[in-house]
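Trainee: I've just opened this one and would like a guided tour. Can we go through it step by step?

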Amino acid sequence: MNQLENTSVDRNAEVQNAQAVSPVVLVCEHASSEIPLEFNGLGLADEHRNSHAVWDPGAGSVARRMSIRLDAVLVSARVSRLVYDCNRPPHAPDAMPDKSEIVEVPGNRGLSDAEKTARTVAFYEPFRAAVATALARRTDPVLITVHSFTPVYHGQKRDVEIGVLHDRDTRLADALMALADRCMPHVVRRNEPYGAGDGVTHTLQEHALAGGFLNVMLEVRNDLIADEAAQYKMADLLSDWVSRAVVATRAGAC
Ligand SMILES: [Zn+2]
């Protein structure tokens with residue numbers, strides 16, 4: 001199979017390694033800083049145009065490397081989360097936020113219901129469909145979402161380096177935490193810097209919980225994945241850790 005057949009691109013969903021053999025389905029909702037021309041940059045100030053408010057720096061690159069390492073399919077968003085945050089349902093106030101941390105998003109102020117619906121149809125629904133398709137094509141799939149977070153938030157420095165986030169189904173997160181000391185030379189914490197109460201587990205809820213699929217959300221502090229070498233190193237560590245945790249979880253279920 002050539003690369004073209006193995007990759008598909010929708011307006012807001014890029015699917016890589018579509019024919020991969022692993023049961024793991026990688027998802028990166030905040031992979032892109034792209035704001036389509038029609039949105040005029042959402043009125044963002046220049047200093048915020050490439051900031052973590054717009055995307056998760058480094059996360060897409062880490063996820064792509066993990067896709068190769070694990071031989072797993074990867075579904076990535078192609079537009080900024082400020083256009084539509086694919087890790088939020090359409091009714092969530094922060095699906096198209098007019099403010100993110102300290103960043104004002106003038107282009108999202110006072111959106112009409114029709115404008116919100118148009119963005120949902122254009123950006124959320126194709127992404128949601130691509131994730132659902134990737135899961136449906138696998139037997140007993142494992143959903144892993146890959147994110148990055150900023151080292152300083154609202155002026156507070158964050159010590160956590162890797163966050164293992166879960167919703168009601170804790171099986172894979174439990175296995176990752178049990179293996180963390182052995183596999184990850186980093187400060188690993190459960191449900192930090194966010195948790196389900198912050199609304200960040202939408203993709204897990206939407207795609208994994210109902211089907212009973214193993215699932216987890218991984219958050220990497222973005223100063224640890226600032227260049228390609230660091231991204232590859234982190235991706236390899238995460239891939240090895242995830243592989244062991246999936247095996248341990250499946251073994252425990254027998
Ligand atoms: Zn994110």
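Trainee: Helix α2 lies across several strands, so to speak, but at about what angle does α2 run to β4?

Mentor: Before we start, this is a predicted model, in which local features need pLDDT of at least 70, side-chain atom pairs count only at pLDDT 80 or more, and totals for chains, interfaces and linings use all residues. Residues are numbered from 1 along each chain as its sequence is written. Helices (DSSP runs of H or I, at least four residues) and strands (runs of E, at least two) are numbered from the N terminus, and axes are lines fitted to C-alpha atoms, for helices over the stretch in contact (C-beta atoms, placed from the backbone, within 7 Å), with angles from 0 to 180 degrees between N-to-C directions. Helix α2 (residues 113-136) lies across β2, β3, β4 (73-76) and β7, and its angle to β4 is about 170 degrees.

Trainee: What about helix α3: at about what angle does it run to β12?

Mentor: Helix α3 covers residues 171-183. The strands that α3 lies across are β10 (162-165), β11 and β12, and the angle to β12 is about 50 degrees.

Trainee: How are the strands ordered, and which are the edge strands?

Mentor: The sheet is open, has 8 strands and shows mixed pairing, where two strands pair if DSSP finds at least two bridges between them. The order is β1-β2-β4-β3-β7-β12-β10-β11. Two of these pair on one side only, so to speak the edges: β1 (8-9) and β11.

Trainee: Which residue of β4 stands opposite V25?

Mentor: β3 and β4 run parallel and are joined by 4 bridges. These two strands and helix α1 (residues 59-70) make a β-α-β unit that is right-handed (with the strands pointing away from the viewer, the path from the first strand over the helix to the second runs clockwise). In β4, the residue opposite V25 is V73.

Trainee: And which residue of β4 stands opposite V15?

Mentor: β2 pairs with β4 in the antiparallel sense, over 3 bridges. In β4, V73 and V75 point one way while L74 and S76 point the other. The residue opposite V15 is V75.

Trainee: Which residues have the most contacts inside the largest nonpolar core?

Mentor: A nonpolar core is a set of buried Ala, Val, Leu, Ile, Met, Phe, Trp, Tyr and Cys residues joined through C-beta atoms within 7 Å; buried means 20 or more other C-beta atoms within 10 Å, exposed means 12 or fewer, and partly exposed lies in between, with C-beta atoms placed from the backbone. Leaving aside neighbours within four places in sequence, V25 touches residues including A72, V73, A134 and L135. The largest core has 66 residues, and the ones with the most contacts inside it are V25 and L26.

Trainee: How many residues of β7 are buried?

Mentor: V142, I144, V146 and S148 point one way from β7, and L143, T145, H147 and F149 the other way. On one side, β7 (residues 142-149) pairs in parallel with β12 (residues 214-221) over 8 bridges, and it also pairs in parallel with β3 over 4 bridges. The buried count for β7 is 8 of 8.

Trainee: Which residue is the bridge partner of L143 in β12, and which residue of β7 stands opposite V27?

Mentor: For L143, the partner in β12 is N215. For V27, the residue opposite in β7 is T145.

Trainee: Is N17 buried or exposed?

Mentor: N17 sits in the loop between β2 (14-16) and β3 (24-28). Its phi is positive, near 60 degrees, though it isn't a glycine. Because 20 other C-beta atoms lie within 10 Å, N17 counts as buried.

Trainee: And E101, buried or exposed?

Mentor: E101 has a positive phi of about 50 degrees, and it isn't a glycine either. Its place is the loop between β5 (99-100) and β6 (103-104). With 12 other C-beta atoms within 10 Å, E101 is exposed.

Trainee: Last one: what is omega for the peptide bond from E192 to P193?

Mentor: P193 belongs to the loop between β11 (188-190) and α4 (202-209). Most peptide bonds are trans. The one from E192 to P193 is cis, with omega near -5 degrees.

Terms used: Contact = placed C-beta atoms within 7 Å.
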